Amino acid sequence: MEEIQDPQPWKVLKSEYLFRRPWLTARKDCVQLPNGVVNDEYYVLEYPTWVNVIARTVEGKYIFIRQYRHGLGQTNYEIVAGTMDPTDKSPEEAARRELYEEAGYGGGQWRLLSALSANASAMNNLSYSFVAEGVEKVSTQHLEPTEEITVHLLDETEVRHLLEHDEIKQALMAAPLWKYLAGKAAEGGK
């Protein structure tokens with residue numbers, strides 16, 4: 001089999017920040033491709049690390065939340081998610097904190113399911129998805145003033161229905177959920 005060389009990284013000739021805000025930073029790079037072509041305007045959006053968690057209670061219920069998302073102008077079902085704070089030691093620690101704050105759940109057995117990019121061509125961060133099995137209610141919600149979140153416990157049939165009918169709008173939540181359910185099916189539904 002013929003070995004094909006992977007495309008090589010681009011050389012950054014110049015970089016400038018267009019604006020920096022807590023939730024969004026935009027950068028314009030001047031880059032040179034390996035073939036010598038120069039692109040004077042390549043834009044990159046910088047975000048903090050994102051996390052989300054497929055959380056299941058001791059009883060096997062999936063923890064979902066509903067909140068309004070202004071970008072789409074809709075209230076949708078989501079799994080618990082958020083950003084990694086500077087005080088979080090790891091993406092898992094951030095995901096545990098988010099589950100506690102948004103839903104009041106904790107404990108359980110945790111594992112990393114995936115690390116995905118929303119848009120690798122223009123965004124610099126990853127979204128880490130965790131599975132937390134056997135979590136329990138340990139507290140009330142601890143929401144920020146900008147959050148209005150309701151908590152819903154769903155069974156697997158309801159989760160599949162949401163996925164099959166495109167009712168989970170956030171792709172970085174739908175993809176790990178599909179992966180998780182496919183893994184369960186491969187293991188015989190455990």
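What share of the contacts in the chain with a separation of 6 or more comes from residues 24 or more positions apart? In this predicted model, such residues account for 57% of those contacts.

**Whole chain**

Begin with the entire chain in a cartoon representation. Three helices and 11 strands should be visible. Following the trace from the N terminus, the order of elements is β-β-β-β-β-β-β-α-β-β-β-β-α-α. Aligned to its principal axes, the set of C-alpha atoms occupies a box of roughly 60 × 50 × 35 Å.

Next, switch to a surface representation. The chain exposes an accessible surface of about 11,600 Å², and carbon and sulfur atoms contribute 52% of that area. Of the 190 residues, 34% are classed as buried. If the charged side chains are coloured by sign, 20 positive and 29 negative charges appear, and the mean positions of the two sets lie 1 Å apart.

**First stop: F19 and its patch**

Select F19, which belongs to strand 1, spanning residues 11-21. Its relative accessibility is 34%, and F19 is therefore counted as partly exposed. Extend the selection to L18 and Y43: together with F19, these residues make a nonpolar surface patch of about 270 Å².

**Second stop: E102**

Move to helix 1, residues 91-103, and select E102. Is the side chain here buried or exposed? E102 is buried, yet it forms no salt bridge. A distance drawn to R69, the nearest side chain of opposite charge, gives 6.1 Å; a salt bridge would require a side-chain nitrogen of Lys or Arg within 4 Å of a carboxyl oxygen.

Now display the surroundings of E102. Beyond its neighbours within four places in sequence, E102 is in contact with I65, V80, A81, Q141, L143, E147, I149 and V151. Among these contacts is another acidic residue, E147.

**Third stop: K179**

Finally, go to helix 3, which covers residues 171-186, and select K179. With a relative accessible area of 45%, K179 is partly exposed, because that class lies between the 20% limit for buried and the 50% limit for exposed residues.

Which residues does K179 touch once its neighbours within four places in sequence are set aside? The contacts are L113 and S114. To close the tour, draw the C-alpha distance from K179 to S114: the two residues are 65 positions apart along the chain, and their C-alpha atoms are separated by 8.9 Å.

Definitions and conventions:
Residues are numbered from 1 along each chain as its sequence is written. This is a predicted model: local features need pLDDT of at least 70, side-chain atom pairs count only at pLDDT 80 or more; totals for chains, interfaces and linings use all residues. Side-chain values use heavy atoms; hydrogens and water are left out. Helices (H or I, at least four residues) and strands (E, at least two) are DSSP runs, numbered from the N terminus. Buried means under 20% relative accessible area, exposed over 50%, partly exposed in between (1.4 Å probe, protein chains only). Contact means heavy atoms within 4.5 Å. Accessible areas come from the Shrake-Rupley method with a 1.4 Å probe; for residues, only the protein chains shown count as cover. The place of a charge is taken as NZ of Lys, CZ of Arg, CG of Asp or CD of Glu. Patches are made of residues with over 30% relative accessible area and no salt bridge: like charges are joined within 9 Å, nonpolar side chains (Val, Leu, Ile, Met, Phe, Trp, Tyr) within 5 Å.
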